[in-house]
Amino acid sequence: MKPWRVEPRGRFEEQTVRSRVLEGNPLGDPHERPLWVYLPPGVGDDPGRRYPSIYVIQGYTGQVDMWWNRTALRPTVPELVDQLFAGSGAPPAIIVFADCWTSLGGSQFLNSPGTGRYLDYLCDEVVAFVDDRYPTLPAREHRGIAGKSSGGYGAMVASMLRPDVFGALASHAGDALFEHCYLPDIAAATRALRDHYDGSYERFFADFKDRPAMSKEPDGVLLGIWAMAACYSAEPDGTVTLPFDPATGRLREEVWARWLALDPVRMAAGHADQLRSLRGIYLDAGRRDQFWLDLGAAAFSAELDALGVDHVFELFDATHSAIEYRYPGGLAFLAGRLTG
């Protein structure tokens, strides 16, 4: 492993997508978004040849330039992608790195009146942009989606909500089984509001905007729970409704039910036909995932088994952190299923 960025054997191209559906979004976030596209060696040599495409999406707080961040003594994700596809580790595929970041940290790749129409942006605008400019096979049977954490969640739900767009998915420790991955953070957020902000999110945001982000210990959990509420339980006018009483932490059952309706584990039965139509499903998670997303992956896998949906599922020895080395396995699986 070399400690500095190396010249890829394939090539990366940076693009800008000007979105109509994100114009005037509730958070005032940019509607012009960066997009990176990886082309394996040889793509373009034969003008008549076309390739599968795989859309890689990020976890909560991810923005597209973070893919080039290096974990100590390890290659970056773009380097792993180039090693895979330039080294004959998988059939050639065009890899698309899309950006669905928001100023709350993320969109969960959903349409929400609290954040914006990110599902439409990804499925309609980004896909059309790529298919128009690159030699893709422009059909869902040859288009996949992959991600980790919130990106893994996005891969699962986009494949269920828009099976006309994506024909296979890979989810690495995707958000699922919400009672385990979110309820602990709801308890922690309630305690942080009580101890530091008199139970008030308004006071938290007033403090947060005047200092470096994440400079206080409760910042991550407070911002994260608010962001999830903006994605899962915003009202039509954009008002964010929390699924708990911030003074006590007691669940607001009717709002929590709105969250559960967007849990992949609960969604699966209602989208059985869409899931059965996929050409491949790859799930994995670390056995020691600190957000209990190994349980979510196992529960989603069990739902797929009950529905008779073929898939691959693996638990491995790791936490939620620094598992970027798992990406090549998921990408190779998708490239194989989407080829031909």
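Colleague: How many aromatic pairs does the structure hold?

Modeller: The structure, a predicted model, holds 26 aromatic pairs. One of them joins Phe-12 and Tyr-38.

Colleague: Why is the pair of Phe-12 and Tyr-38 called tilted?

Modeller: The planes of Phe-12 and Tyr-38 stand at 50°. Stacked needs under 30 degrees, and edge-to-face needs over 60. An angle of 50° fits neither, so the pair is tilted. The centres are 4.9 Å apart, and the cut-off for a pair is 6.5 Å.

Colleague: Where in the chain do Phe-12 and Tyr-38 lie?

Modeller: Phe-12 is in strand β1 and Tyr-38 is in strand β2, 26 residues apart. Both residues are buried. They also belong to one aromatic cluster, whose members include Trp-36 and Phe-97.

Colleague: What makes the pair of Tyr-182 and Trp-259 edge-to-face?

Modeller: Their planes meet at 90°. Edge-to-face asks for over 60, so the name fits. The ring centres are 5.5 Å apart. This pair links distant parts of the chain: Tyr-182 sits in the loop between α4 and α5, and Trp-259 in helix α8.

Colleague: How do you know whether Tyr-182 and Trp-259 are buried or exposed?

Modeller: Buried means under 20% relative accessible area. Tyr-182 has 5%, so Tyr-182 is buried. Trp-259 has 0%, so Trp-259 is buried as well.

Colleague: On to the strands. Which residue of β4 does Trp-36 stand opposite?

Modeller: Trp-36 stands opposite Phe-97. Strands β2 and β4 pair in the antiparallel sense.

Colleague: What makes β2 and β4 a pair of strands?

Modeller: A pair needs at least two bridges. Strands β2 and β4 have three, so they count as paired. Strand β3 is joined to β4 by four bridges, and these two run parallel. There, Ile-54 stands opposite Ile-95. From β3 the chain crosses through helix α1 to β4, in a right-handed β-α-β crossover.

Colleague: Which residues show that both faces of β4 are covered?

Modeller: Ile-94 and Val-96 are buried on one side, and Ile-95 and Phe-97 are buried on the other.

Colleague: Now the charges. What makes Arg-162 and Asp-124 a salt bridge?

Modeller: Their side chains meet at 2.9 Å, N to O. The cut-off is 4 Å, so the pair qualifies. The structure holds 23 salt bridges. Arg-162 lies in the loop between α3 and β8, while Asp-124 lies in helix α2.

Colleague: Why is Asp-124 called partly exposed?

Modeller: Asp-124 has 36% relative accessibility. Partly exposed runs between the limits of 20% and 50%, so the label fits Asp-124. Arg-162, at 15%, is buried.

Colleague: What makes Asp-273 exposed?

Modeller: Exposed means over 50%. Asp-273 has 59%, so Asp-273 counts as exposed. Its salt-bridge partner is Arg-276, at 3.1 Å. Both lie in helix α10, three residues apart, about one turn of the helix. Arg-276 is partly exposed, at 43%.

Colleague: Over the face of which ring does Arg-326 lie?

Modeller: Arg-326 lies over the face of Phe-316, at 4.0 Å from the ring centre. Arg-326 also forms a salt bridge with Glu-314, at 2.9 Å.

Colleague: How do you know whether Arg-326 is buried or exposed?

Modeller: Arg-326 has 12% relative accessibility. That is under 20%, so Arg-326 counts as buried. Glu-314, at 35%, counts as partly exposed.

Definitions and conventions
Residues numbered from 1 in each chain as written. Predicted model: local features only at pLDDT ≥ 70, side-chain atom pairs only at ≥ 80, totals over all residues. Heavy atoms only, no water. Buried < 20%, exposed > 50% of the residue type's maximum accessible area, 1.4 Å probe, protein only. Right-handed = clockwise from strand over helix to strand, strands pointing away. Phe/Tyr/Trp six-rings, centres within 6.5 Å; stacked < 30°, edge-to-face > 60°. Lys NZ or Arg CZ within 6 Å of the ring centre and 35° of its normal.
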